[in-house]
Amino acid sequence: MLAFVLLLLLPLAVLGQFPPPRECTGDCFTHDPAVIKRISDGRYFRFSTLDLIGIWTAPALSGPWTRAGSVINGKSVIDLAGNDVLWAPDVSFIKGTYYCFYSVSVSGSQTSAIGYATSKSLDSGSWKDHGVVVTSTPRSPYNAIDANLVQGPGDGEFYLQWGSYWKNIYQSKVEIHGEDIFKQGNELQIAYKPDGIHKEEGPFIYRKDGFWYMFLSVGSCCTYNPRPPTDDLYRVVVCRSSGPSGPYVDRNGKPCTDGGGTVVLASHANIYAPGGQGVFYDNALGDVFYYHYLDLNIGVEYNQARFGWNVLRWDNGWPTLS
């Protein structure tokens, strides 16, 4: 009955607009997932918020997923509150090394940091914790969580973006020398939701056919008792740019720095509050969009969040789920 009532509250334009998530079997809990396919053997790895960045592995995106340890042992070397419960992983493979960014903070705090670890194999126990790349304090315009790394047009040109609430999404160039990462200091605001308390976070930039697409999670997350209005629920939007640093605009030309964003995925049917998204290229499936969501048939508690994924298709240069 509850799912039916929520369906009645959804705008008609949303009904039937989004496909259901593809199959997930095994241990499908996740929050703010990061997914990558290992180069050496084609095995899939899924990383998740909580428990020092938990690791799950599977022979296929559909599973069966099994728990396989954590990235960090004990606690992060970053000496801040929250260093034993880490958030928001982002994983990249660069010149033979895997890099996992993570966030150190506590809920509602702006005293935060982004750190990273490196591995040659992705396996638990193989990761080296290198510590801080970006920090924030109550004097900062941003909150240093939810990091994402993207390569620019030049060889060795990389950009790190991050942010949650406050003045939302910032970006800086970074240099990578071996396993060492250095922030360059040229911080730039690339997305901002000006209304209310600026409910926008989790940037993920994906390069495709000469454009950079910035996916963002907007709306209320991640507790739903009492439940927020339907139009305030967590959802994923996208803006694009011809360069990694913007300016980013949505499909209607509205700047992402002025609340722009074309909806990619929102609540529909029993799928509730999707977000925490990312994209990767799979040599068997093509572009894959992944995220966490709640299933109204299961429940809306934090520990009931599930792994969702769909193949992306491109409609006149804009991503849609198939």
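I started with the secondary structure of this predicted model. I found 1 helix and 21 strands in the protein.

Next I looked up the overall dimensions. Along its principal axes, the C-alpha trace spans about 55 × 40 × 40 Å. I then checked the radius of gyration, which is 18 Å. A compact globule of 322 residues would have a value near 20 Å, so the protein agrees with that expectation.

How many of the residues count as buried? I noted 56% of the 322 residues. I also looked at contacts with a separation of 6 or more. Residues 24 or more positions apart account for 51% of these contacts.

Then I turned to the surface. The accessible area comes to about 13,200 Å². Carbon and sulfur atoms hold 52% of that surface.

I went through the charges as well. There are 25 positive and 30 negative side chains. The centres of the two sets lie 2 Å apart.

Last, I searched the interior. Nonpolar side chains tend to be buried together in soluble globular proteins. Which residues have the most contacts inside the largest nonpolar core? I listed Phe47, Leu61, Val71, Trp127, Phe215 and Phe289. This core has 52 residues. Its largest share comes from strand β19, residues 286-295, which supplies 5 residues. Apart from this core I found another, of 18 residues. Among them are Tyr99, Val134, Trp162 and Ile181.

Terms used
Residues numbered from 1 in each chain as written. Predicted model: local features only at pLDDT ≥ 70, side-chain atom pairs only at ≥ 80, totals over all residues. Heavy atoms only, no water. Helix = DSSP H or I, 4+ residues; strand = E, 2+ residues; numbered from the N terminus. Rg over C-alpha atoms; globule rule 2.2 N^0.38 Å. Buried < 20%, exposed > 50% of the residue type's maximum accessible area, 1.4 Å probe, protein only. Contact = heavy atoms within 4.5 Å. Areas by Shrake-Rupley, 256 points an atom, 1.4 Å probe, with all protein chains shown as cover. Lys, Arg positive; Asp, Glu negative; His and termini not counted. Charge placed at Lys NZ, Arg CZ, Asp CG, Glu CD. Core = buried A, V, L, I, M, F, W, Y, C linked by side-chain atoms within 4.5 Å.
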